[in-house]
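Dear colleague,

I am passing on the structure we spoke about, and I would be glad if you could look through it alongside my notes.

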Amino acid sequence: LGQWLACVWLWTLQPDSFLAIYSVMLVAQLNFFFSARWCLLYILASMGIFWVIQSFYWQSSSALRETLLFSAFHLFSWLIATRTATEQTAKEEALRAQKTLEANSLLLADTSKQAERLRIARDLHDSIGHQLTALAIKLEVARLASADNDKAQTEIDQCRDLTKTLLRDIRQVVSDHRSDQTIHFRQALETMTENMPKLAIQLADKDLFIERAD
């Protein structure tokens with residue numbers, strides 16, 4: 001608004017139609033802040049005021065011709081700015097899509113690793129764990145059957161203790177694999193927002209603070 005008022009003020013200072021070039025520069029800026037309809041309304045209003053000042057205030061004989069000429073300059077400036085803004089938006093959308101794809105790839109890789117860990121844990125529990133349990137039961141039966149043989153009793157007790165230790169270790173490994181469900185959300189978020197325009201992000205402890213940049 002300040003720039004527009006300055007343009008109108010300059011038009012009233014002297015009968016120099018070239019001063020309308022400042023309005024051409026202004027319309028190139030407006031395209032980044034307002035819709036196309038408002039930009040076109042600005043062009044019509046500004047050129048109307050320019051024609052009135054040139055015709056009635058300065059009584060210029062070429063007011064209409066100069067108004068049409070600078071109207072064309074306004075439209076040209078607006079079209080160039082529109083194309084530039086469209087290309088900038090397209091680049092931002094492409095970058096956003098690329099970052100989203102990279103973040104999804106990271107999350108998918110984490111999910112695949114977790115699925116593999118769960119499969120390994122399930123296989124350990126279903127195969128080795130069950131066999132060790134059966135072995136522990138059989139050793140207990142053998143220990144009871146050889147109650148009169150002290151040497152055999154000692155060997156069987158050692159084997160039974162070793163079996164229990166192995167079974168406990170297997171269960172611990174299975175538990176660790178199942179409980180490790182870490183998803184690298186922070187890494188995915190940083191990848192998705194890296195070099196992203198108009199976006200500022202701050203990560204503090206477990207809380208995420210996301211704010212749009214001005």
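Below is what was found in it, beginning with how the values were obtained.

This is a predicted model, in which local features need pLDDT of at least 70 and side-chain atom pairs count only at pLDDT 80 or more, while totals for chains, interfaces and linings use all residues. Residues are numbered from 1 along each chain as its sequence is written, and side-chain values use heavy atoms, with hydrogens and water left out.

The axes of helix 1 (residues 2-13) and helix 3 (residues 36-57) come within 10 Å and cross at roughly 20°, and the two helices are therefore roughly parallel (an angle under 35 degrees); helices here are DSSP runs of H or I with at least four residues, and axes are lines fitted to C-alpha atoms over the stretch in contact, with angles running from 0 to 180 degrees between N-to-C directions. The contact (heavy atoms within 4.5 Å) involves Trp4, Val8, Trp11 and Thr12 of helix 1, and on helix 3 a set of residues including Tyr42, Met47 and Phe50.

The largest nonpolar core (buried Ala, Val, Leu, Ile, Met, Phe, Trp, Tyr and Cys residues joined through side-chain atoms within 4.5 Å, buried being under 20% relative accessible area) has 17 residues, of which Trp11, Tyr42, Ile43 and Met47 touch the most other members. Helix 3 gives the most to this core, with six residues. Leaving aside neighbours within four places in sequence, Ile43 is in contact with Val27, His74, Leu75 and Trp78.

Lastly, Gln59 lies in the loop between helix 3 and helix 4 (63-145), and its phi is near 50°, a positive value in a residue other than glycine.

With best wishes

Note on methods
Angles under 35 degrees count as roughly parallel, over 145 as roughly antiparallel, 65 to 115 as roughly perpendicular and the rest as oblique. Buried means under 20% relative accessible area, exposed over 50%, partly exposed in between (1.4 Å probe, protein chains only).
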